[in-house]
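Thanks for making time this morning. I have one structure to walk through, so please look at the sequence and the model as we go.

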Amino acid sequence: MEMPCGAAYLQLLFDDAGNPIDYVTLEVNPYFLRTMHKTREAVIGRKASSRVSPEELKHWISIFQPVAMEGASGSYAMYTNSQQTKFTVLAMSPKIGYFCLFFTEDPEYRKKIEI
């Protein structure tokens, strides 16, 4: 039985000056793929900048940089423009420069926008 929770393992990417500029997806679970309506080929090894707007990328980096670099794990309520839904997300870092996301979708929000 699969747990209804998305999971992703990601790596923060930096420019030559050491500023975070993007992140790449290293691994995801099947729930992630179903929820995001993606295939493994469309996600694994791909940069976030290939899937989200520059504004949204900047927003996500501002949240995930402290997690990946300082171990500032936390729980966040997030809305994605690309999926037009809300998620509850737990973020943590297994080692410097990397982070894991575990999320559940807010089914009530999706029902509201489908009406």
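Cys100 counts as buried, because its relative accessibility is 12% and the cut-off for buried is under 20%. Cys5 is also buried, at 12% relative accessibility. How many disulfides does a search of the whole structure find? The search finds zero. For reference, a disulfide is a covalent bond between the sulfur atoms of two cysteines.

Please keep in mind that this is a predicted model. The average pLDDT of the protein is 86, and 83% of the residues score at least 70. Where is confidence lowest, and where is it highest? The lowest is helix α4, residues 107-114, with a mean of 51, and the highest is β2, at 97. Where pLDDT is low, the predicted coordinates should not be read in detail. I will leave that helix alone.

Next, the strands. β1 pairs with β2 in the antiparallel sense, over seven bridges. Within that pairing, Leu12 has Tyr23 in β2 as its bridge partner. The hairpin of β1 and β2 has five residues between the strands, and Gly18 there takes a positive phi near 90 degrees. β1 also pairs with β5, again in the antiparallel sense, over six bridges. In that case Gln11 stands opposite Tyr98 in β5.

β5 has a further partner, β4: the two run antiparallel and are joined by six bridges. One of the bridge partnerships is Thr88 with Thr104 in β5. β4 and β5 make a hairpin with five residues between them, and Gly97 in the turn has a positive phi of about 90 degrees.

Which residues of β4 lie on its covered face? They are Thr85, Phe87, Val89 and Ala91, while Lys86, Thr88, Leu90 and Met92 make up the uncovered face. The strand itself spans residues 85-92.

Now Phe103, which is found in strand β5. Its relative accessible area is 5%, so Phe103 is buried. Beyond its neighbours within four places in sequence, Phe103 is in contact with several residues, among them Pro4, Cys5, Gly6 and Ala7. Its contacts also include Tyr31, Phe32, Thr35 and Met36, as well as Phe87, Thr88 and Val89. Note that Cys5, the buried cysteine I mentioned, is one of these contacts. Between Phe103 and Leu90 the C-alpha to C-alpha distance is 6.3 Å, with 13 residues separating them in sequence.

On to the aromatics. A pair of aromatic rings is described by the distance of the centres and the angle of the planes. How many aromatic pairs are there in the whole structure? The search gives eight. One of them is Tyr9 with Tyr98, which is stacked, at 5.7 Å centre to centre and 15 degrees between the planes. Tyr9 is in strand β1, residues 6-14, and Tyr98 is in strand β5, residues 98-105, so this pair ties together parts that are 89 residues apart in sequence. Is each ring's residue buried or partly exposed? Tyr9 is partly exposed, at 25% relative accessibility, whereas Tyr98 is buried, at 18%.

Tyr23 and Phe64 are another pair, and this one is edge-to-face, because the ring planes are at 85 degrees, with the centres 5.7 Å apart. Tyr23 sits in strand β2, residues 20-28, and Phe64 in helix α3, residues 54-70, so to speak a link between distant parts of the chain, 41 residues apart. Both count as buried: Tyr23 at 7% relative accessibility and Phe64 at 2%. Together with Trp60 and Phe99, Tyr23 and Phe64 form one aromatic cluster.

Tyr98 has one more item. The charged end of Lys95 sits over the Tyr98 ring, 4.7 Å from the ring centre.

Last, Ala68, in helix α3. Ala68 counts as buried, at 0% relative accessibility. Not counting residues up to four places away in sequence, Ala68 touches Leu12, Ser93, Lys95, Ile96, Gly97, Tyr98 and Phe99. Gly97, the turn residue with the positive phi, has its C-alpha 4.8 Å from that of Ala68, although the two are 29 residues apart in sequence.

That is the tour.

Conventions. Residues numbered from 1 in each chain as written. Predicted model: local features only at pLDDT ≥ 70, side-chain atom pairs only at ≥ 80, totals over all residues. Heavy atoms only, no water. Phe/Tyr/Trp six-rings, centres within 6.5 Å; stacked < 30°, edge-to-face > 60°. Helix = DSSP H or I, 4+ residues; strand = E, 2+ residues; numbered from the N terminus. Buried < 20%, exposed > 50% of the residue type's maximum accessible area, 1.4 Å probe, protein only. Lys NZ or Arg CZ within 6 Å of the ring centre and 35° of its normal. Contact = heavy atoms within 4.5 Å. pLDDT = per-residue confidence, 0-100. Pairing = 2+ DSSP bridges. Disulfide = S-S within 2.5 Å.
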